[in-house]
Amino acid sequence: MTTSTRDMREHVRDAARIPMAVAGEHIYGSTAQVSDMNMLAAALAVIRFKKHFGFYLDLEREHHSVFQMDGAHLINEDRPEESHEG
């Protein structure tokens, strides 16, 4: 899950957080879509949206999160620099 805001957009391109082109086969072309992972991604996106707009406390202000299936770890990265906090 990657968030792009007015104050923080460069990480999307600089760190290639959102693939702009698909190399090789499209993942859903040969593999059955995994509904539980899509559901988790959607739920995390809604939580991130609500954090961005102040519904939930957001001390970390991460703009990129990856769920690692093995071990069920949520890894958060791409935080705004101190100068962007106002």
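In the predicted model, the side chain of Glu-62 forms a polar contact with the side chain of Lys-51 at 2.9 Å. Glu-62 belongs to the loop that links helix H3 (35-52) to strand E1 (64-68). With a relative accessible area of 5%, Glu-62 falls under the 20% limit and is therefore classed as buried. When residues up to four places away in sequence are set aside, Lys-51 is one of the residues touched by Glu-62, together with Arg-48, Asn-76, Glu-77, Asp-78 and Arg-79.

Arg-61 is also placed in the loop between H3 and E1. Its relative accessibility is 23%, a value between the limits of 20% and 50%, so Arg-61 counts as partly exposed. The backbone of Arg-61 has a phi near 55 degrees, which is positive although the residue is not glycine. In general, most residues other than glycine have a negative phi. Along the chain, 19 residues separate Arg-61 from Pro-80, while the distance between their C-alpha atoms is 7.1 Å.

Arg-61 and Pro-80 both contribute to the lining of the second largest pocket. The other lining residues of this pocket are Thr-5, Arg-6, Asp-7, Met-8, Arg-48, His-52, Asp-58 and His-63. Sorted by class, the lining comprises five charged, three polar and two nonpolar residues. The volume of the second largest pocket is about 170 Å³. Arg-48 is thus found both in this lining and among the contacts of the buried Glu-62.

His-63, another residue of the pocket lining, also provides a point of reference for Arg-9. The C-alpha atoms of Arg-9 and His-63 lie 9.2 Å apart, with a sequence separation of 54 residues. Arg-9 is located in the segment that precedes helix H1 (10-14). A relative accessible area of 46% does not exceed the 50% limit for exposed residues, and Arg-9 is therefore assigned to the partly exposed class.

Within strand E1, Val-66 was examined. This residue has a relative accessibility of 36% and is likewise partly exposed. Apart from neighbours within four places in sequence, Val-66 is in contact with His-73, Leu-74 and Ile-75. Ala-41 is 25 residues away from Val-66 along the chain, and the two C-alpha atoms are separated by 9.3 Å.

At the level of the whole protein chain, the secondary structure consists of three helices and two strands. Read from the N terminus, these elements follow the order α-α-α-β-β. The chain has 86 residues, of which 17% are buried; Glu-62 is one of the buried residues. For contacts between residues at least 6 apart in sequence, 38% connect residues at least 24 apart. The exposed surface of the protein chain amounts to about 6,800 Å², and carbon and sulfur atoms account for 57% of this area.

Notes. Residues numbered from 1 in each chain as written. Predicted model: local features only at pLDDT ≥ 70, side-chain atom pairs only at ≥ 80, totals over all residues. Heavy atoms only, no water. 1 Å grid on protein atoms, 1.4 Å probe; cavity = no way out; pocket = protein on both sides within 12 Å on 5 of 7 lines; lining within 4 Å. Points joined across faces, edges and corners; volume = space filled by probe spheres on them. Nonpolar A, V, L, I, M, F, W, Y, C, P; charged D, E, K, R; others polar. Helix = DSSP H or I, 4+ residues; strand = E, 2+ residues; numbered from the N terminus. Buried < 20%, exposed > 50% of the residue type's maximum accessible area, 1.4 Å probe, protein only. Polar contact = N/O pair within 3.5 Å; in protein donor to acceptor, adjacent residues only side chain to side chain. Contact = heavy atoms within 4.5 Å. Areas by Shrake-Rupley, 256 points an atom, 1.4 Å probe, with all protein chains shown as cover.
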